Amino acid sequence: MSNLTTAPARLNADPERLQKRLDTFAALSEPGSGPGVTRLAYTPLEREAHAVFADEMRSLGLTVRTDAAGNTIAERAGTVPGLPALGTGSHLDSVPNAGAYDGIAGVVAAMETARLYRDHDVAHAHPVRFVAFAAEEGARFGQACTGSRIVSGLTAAQDLADKQDADGITLADALRSVGLPPEAVGAARWEPADWAAFVELHIEQGGVLEAAGTPIGVVDLISGSTRLLLEVTGRASHTGGTPMHLRADAMAAAAEIVLLIESLANDTRHHGTRATVGRLQVEPGSITTIAGKADLYVDVRDVDSDRQRLTAAEIVERAQALCVRRGVGLTARALADASPVILPGWVRETLADTCRGLGVDHRVLPSGASHDAQMVNHVVPTGMVFVPSREGISHSPLEWTGADELALGADVLAAGLLELDRRLAAARDGHDEREENGT
Ligand code: GLV
Ligand code: MN
Ligand code: MN
């Protein structure tokens, strides 16, 4: 028999401690960047946030390391040598002018879990790893979840040279600029045999839980995303001197493409698809010059991978026809592509049973946003816990979740990891016994 853990009395997360950590991270924002939090991927500020995480984890007696991709991993030893690890965590970077919760909620809940385990002397058979992922947001380089894609083997060193930010800095150079060796990211890969299960807590970033008055969501499905850059080339010319019928106006074509994309996503054939132009860059950007160039950044999301890719292909095809009609050019580039992911039922059921055991109401729901969980699920069976987002708002300074709501999520996380530990250890012992008995 292995050294099975006994379930401790309920571990209650401290809302004040959680809020204090949220405030500490929120203060790490690019000066002069406007409202909300701006802490972009692979910047000194993101590294500072990782150092805050690492310091608290070290103070709790955990072993802490940062991998070549900039992910910070703190480990609490298990009681049975040689077992694969359980893990939890989320990301510390943000979009421009973000709120204080996206990603951070999952990291502070992981920190709280580590604190509760230490304070209550909790023993678990498997080691537990607390992870702060780097560069989850696609806002800077187009590609989301870079840190977790690297550990999952979905992004390799050779993929870091062709992704650029708005200033032309490549992902590889951005890593280098914060002291991370891009050529060595292969070493950050996780071995499936080294992992037993992973759970990410996140804010919902939608309004389902709030509308239903349900405090906890357990995620079954995470949307995929196809990202495109549509470059429209017109002819820059004088706004007064050029008659309307002699124009090749890149801005007017772009405006029509934006509306085309909206109407395609609203089409019943694409029901469930969300398609957005979140960024439109126009050159030369002068009130007295017809636009010669317009770049549209398009994000197509869906829980159905066929519909996601078909919608993206239809956007390109229809935009091409529209540009021919308007006498402007169009180049379409793929910026990033991630498939939707179905999370494993047994992890989800364990989290749902944990909620039942704690007497906490929950509902199962899909995620519209992308998550590190989606990537690491390629190497380790993963679950997700959602806490409510006020008015469903996210990627905005108005993003908000009550400290009590987050604390309840952290309770579920702390207990859920221990339930996974208990079930996995029991399954393993049953297996060992069967082997010993030759059955
Ligand atoms: C991550 O926040 C995403 O864009 O879904
Ligand atoms: Mn996030
Ligand atoms: Mn986000």
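Q: In this predicted model, which residues are around ligand 1?
A: D102, E136, E137, R227, R301, A369, S370 and H395 are the residues around ligand 1. Each counts as near because one of its heavy atoms lies within 4 Å of the ligand.

Q: What makes the approach of E137 to ligand 1 a polar contact?
A: An N or O atom in the E137 side chain is 2.9 Å from an oxygen atom of ligand 1. The cut-off for a pair of N or O atoms is 3.5 Å, so this pair is a polar contact. S370 meets the cut-off through a backbone N or O atom, 2.7 Å from a ligand oxygen. H395 does so through a polar side-chain atom at 3.1 Å.

Q: How much of the area of ligand 1 does the protein bury?
A: Taken alone, ligand 1 exposes 190 Å², and 95% of that is buried by the protein. The ligand sits in the largest pocket.

Q: Why are H91, D102 and H202 called donor residues of the manganese ion (ligand 2)?
A: Donors are N, O and S atoms within 2.8 Å of the metal. H91 (NE2), D102 (OD) and H202 (NE2) coordinate the ion at 2.0 to 2.2 Å, so they qualify. Their spacing in sequence is H-x10-D-x99-H. D102 lies in the loop between β3 and α3, and H202 in strand β5, so the pair ties together parts that are 100 residues apart in sequence.

Q: Why is D102 called buried?
A: Buried means under 20% relative accessible area. D102 has 7%, so the term applies. H202, at 1%, is also buried.

Q: Which residue coordinates both the manganese ion (ligand 2) and the manganese ion (ligand 3)?
A: D102 coordinates both, and the two ions are 3.7 Å apart.

How values were computed: Residues numbered from 1 in each chain as written. Chains lettered and ligands numbered in written order. Predicted model: local features only at pLDDT ≥ 70, side-chain atom pairs only at ≥ 80, totals over all residues. Heavy atoms only, no water. Donors = N, O, S within 2.8 Å, 3.2 Å for Na, K, Ca; no water. Helix = DSSP H or I, 4+ residues; strand = E, 2+ residues; numbered from the N terminus. Buried < 20%, exposed > 50% of the residue type's maximum accessible area, 1.4 Å probe, protein only. Polar contact = N/O pair within 3.5 Å; in protein donor to acceptor, adjacent residues only side chain to side chain. Areas by Shrake-Rupley, 256 points an atom, 1.4 Å probe, with all protein chains shown as cover. 1 Å grid on protein atoms, 1.4 Å probe; cavity = no way out; pocket = protein on both sides within 12 Å on 5 of 7 lines; lining within 4 Å. Sits in = over half its atoms within 2 Å of the grid points.
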